[in-house]
Amino acid sequence: MAKRHAEQYERRGETFSRILRRRLARRSFLKGAAATIPLLIVKPGRMVSSGQGVQSLAFQPVRLSAADAVLVPPGYSSQILIRWGDPLFPDAPEFNLLNQTASSQARQFGYNCDYVGYFPLPDHDSNNPTHGLLVVNHEFTSPELMFVRYSASAPTREQVDVELAAHGLSVVEVERTQAGEWKYHRDSFFNRRITGETEMLLTGPAAGHDLLKVSYDRTGTRVRGMLNNCAGGKTPWGTVLTCEENFNQYFANLNALPDSDRRKAMHARYGVPSGASERRWEQHHDRFDVGKEPNEPFRFGWVIEVDPYNPHFIPRKRTALGRFKHEAATVVVAPDGRVVVYSGDDERFEYIYKFVSRRPMNLTRRDANFGLLDEGTLYVAKFNDDGTGQWLPLQAGQGPLATWSQAEVLIYTRAAADVLGATKMDRPEDIEMNPITGKVYCVMTNNTRRGSSGQPGVNQANPRANNRHGHIIELTEDGGDPTSTTFRWEIFLLCGDPMVPGDQTFFAGFDPTLVSPISCPDNITFDGNGHLWIATDGMPGTFQKNDGLFAVPVEGEERGFVRQFLSGPVGAEICGPEFTPDYRTLFVAIQHPGEGSSLTAPTSTWPDGVIPPRPSVIAITTHNGLGAIGS
Ligand code: FEO
Ligand code: CA
Ligand code: CA
Ligand code: CA
């Protein structure tokens with residue numbers, strides 16, 4: 001904390017350090033503060049929680065499965081909390097496969113749930129483990145499983161509008177009943193749907209730039225909707241960050257732009273299709289046709305901040321965090337009070353980024369932090385083969401970016417990172433800091449093009465050619481300070497089946513004959529003991545088995561001992577995962593059950609045993625509801 005800011009807090013009658021100590025006692029703040037203050041003592045070889053002794057993982061692992069069901073270990077129950085199409089308001093229609101309309105979908109739970117964030121009620125500091133708000137992203141739609149009659153080459157206007165309404169985010173009030181079951185409240189004041197049409201603002205250094213202006217918004221600050229919201233993160237002031245990932249797929253006809261137009265190369269760098277889009281929304285909405293609205297794609301690919309406690313809050317696309325295929329955004333608080341946001345760009349050979357705010361977090365006034373993510377420095381990671389690394393500032397006017405404006409750096413973030421020589425990674429997904437050790441875990445889901453002809457070869461941070469199974473890197477910021485511009489790193493997991501020699505697996509040195517096979521890691525979280533929980537996306541392709549959820553200690557004798565906790569339904573990736581503050585409930589999003597099939601012959605009928613399969617959020621508890629999950 002800079003002296004000036006410390007004085008500012010002291011003038012208000014309470015020292016910053018006292019406020020920090022008080023807030024540290026609360027779990028909701030742990031993620032931010034753990035890097036700065038050793039809440040737990042890490043002894044050589046063992047992780048010990050303060051005063052409580054070792055808490056090992058103690059569940060009987062489930063096995064890889066191809067069953068169309070959610071499987072959890074003995075002693076655990078899973079229940080369906082909310083499904084695609086469930087009504088979120090008293091006047092919202094019940095789900096009806098044969099009669100979905102855009103207006104009904106906009107008042108129902110959206111499709112393909114991904115990120116799950118639990119926000120306790122009555123406020124974000126309350127730690128209430130049995131009553132809160134769930135914020136759930138709806139990444140994309142699977143129209144062949146949503147509509148009885150669907151033509152991929154010529155969707156109807158109504159179908160496209162249902163899909164737009166099924167994208168975005170839901171806020172829904174949830175509560176655990178006396179009987180131990182979770183229910184959602186249909187009549188909650190807080191319930192909200194944000195869709196691909198909800199008006200939102202662009203804020204920060206790029207807002208208002210010419211590249212962000214379109215025919216329906218000459219200010220370059222007002223956007224219709226958010227698309228492909230994959231994972232996200234929570235801020236210490238109780239807002240959610242939701243991340244636009246593969247936004248390029250919604251746009252069409254890049255070839256309509258002349259080669260002399262610089263925007264063409266930039267759109268191509270992000271994968272905007274040269275001709276028709278796969279979804280064909282451009283047939284009904286001009287804004288998805290780059291030939292007609294060349295700047296519209298620049299208004300997507302951002303991190304969006306939403307206040308779930310205020311259903312009237314206008315979502316903000318925070319341009320200071322850069323524009324790329326954001327998987328997630330994890331916020332931590334540095335020793336000096338500034339906030340740091342880690343985010344991966346999920347595409348083959350893309351980069352890992354972090355943002356450091358200019359100002360420190362205000363601990364006494366929540367709303368003073370609502371602009372904190374609009375000013376700061378964006379960095380991109382360079383991994384050296386000797387186990388060191390640098391965070392390179394994406395700062396216009398400096399070095400190779402001397403002729404760039406900062407707005408250009410933020411809109412063309414990938415191109416700016418290219419010229420700085422950042423390290424091309426194997427599809428960066430979730431990145432999270434362990435709240436107990438302060439180490440940062442960076443998930444690389446896979447990259448089968450690594451080392452193939454004409455593509456980048458292996459390096460120490462991406463050490464396998466044809467990386468089918470993915471890996472996880474453990475990154476330690478120098479000085480334990482997340483604002484540091486240098487770090488050390490090592491490989492934590494090389495995923496795969498340890499019984500298959502060609503997979504070249506590594507489980508932090510743990511005996512590979514004892515672990516569960518794991519492939520294509522995607523989203524992660526930590527339990528109360530600092531164990532890492534890993535959800536997967538892609539095991540049907542690599543193992544011909546369903547995706548799952550895994551837990552692994554990261555310290556001590558069991559470091560690297562991966563055990564499978566859950567197996568999902570056919571065709572589904574496993575998302576979320578999110579614990580309640582008491583770690584007694586684990587929310588998991590089951591995304592795209594039956595993927596790759598259609599309603600005429602669906603490979604999944606989860607969760608209800610009938611057509612259609614429905615993406616849903618589930619709640620997992622122990623049978624008696626008492627123990628922490630996994631322990
Ligand atoms: Fe939407 Fe990177 O997974
Ligand atoms: Ca993901
Ligand atoms: Ca996560
Ligand atoms: Ca993924």
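Q: Which residues in α5 are buried?
A: In the predicted model, Q159, V160, D161, V162, E163, L164, A165 and A166 of α5 are buried, a word that stands for under 20% relative accessible area, with exposed meaning over 50% and partly exposed in between (1.4 Å probe, protein chains only). Residues are numbered from 1 along each chain, and ligands from 1 in the order in which they are written. Local features need pLDDT of at least 70, side-chain atom pairs count only at pLDDT 80 or more, totals use all residues, and hydrogens and water are left out.

Q: What makes helix α5 mostly covered?
A: Eight of the 10 residues in α5 (residues 157-166) are buried, and these pack against α4 (102-105), β5 (131-138), β6 (168-176) and β8 (192-194), contact being heavy atoms within 4.5 Å. After α5 comes G168, with a positive phi near 105°.

Q: Which residues coordinate the calcium ion (ligand 2)?
A: The calcium ion (ligand 2) is coordinated by C230 (SG), by E327 through two OE entries and by D522 through two OD entries, at 2.3 to 3.1 Å, which fits the donor limit for Ca of 3.2 Å (2.8 Å for metals other than Na, K and Ca).

Q: Why is the arrangement around the calcium ion (ligand 2) irregular?
A: The six donor atoms subtend angles of 46 to 155°, whereas six count as octahedral if opposite donors are over 155 degrees apart and all others between 65 and 115, so the arrangement is irregular.

Q: Which residue coordinates both the calcium ion (ligand 2) and the calcium ion (ligand 4)?
A: D522 coordinates both ions, which are 3.6 Å apart. C230 in strand β11 (residues 229-234) and D522 in strand β27 (residues 521-526) are 292 residues apart, and both are buried.

Notes. Tetrahedral: all angles 85-135°; square planar, octahedral: opposite > 155°, others 65-115°. Helix = DSSP H or I, 4+ residues; strand = E, 2+ residues; numbered from the N terminus.
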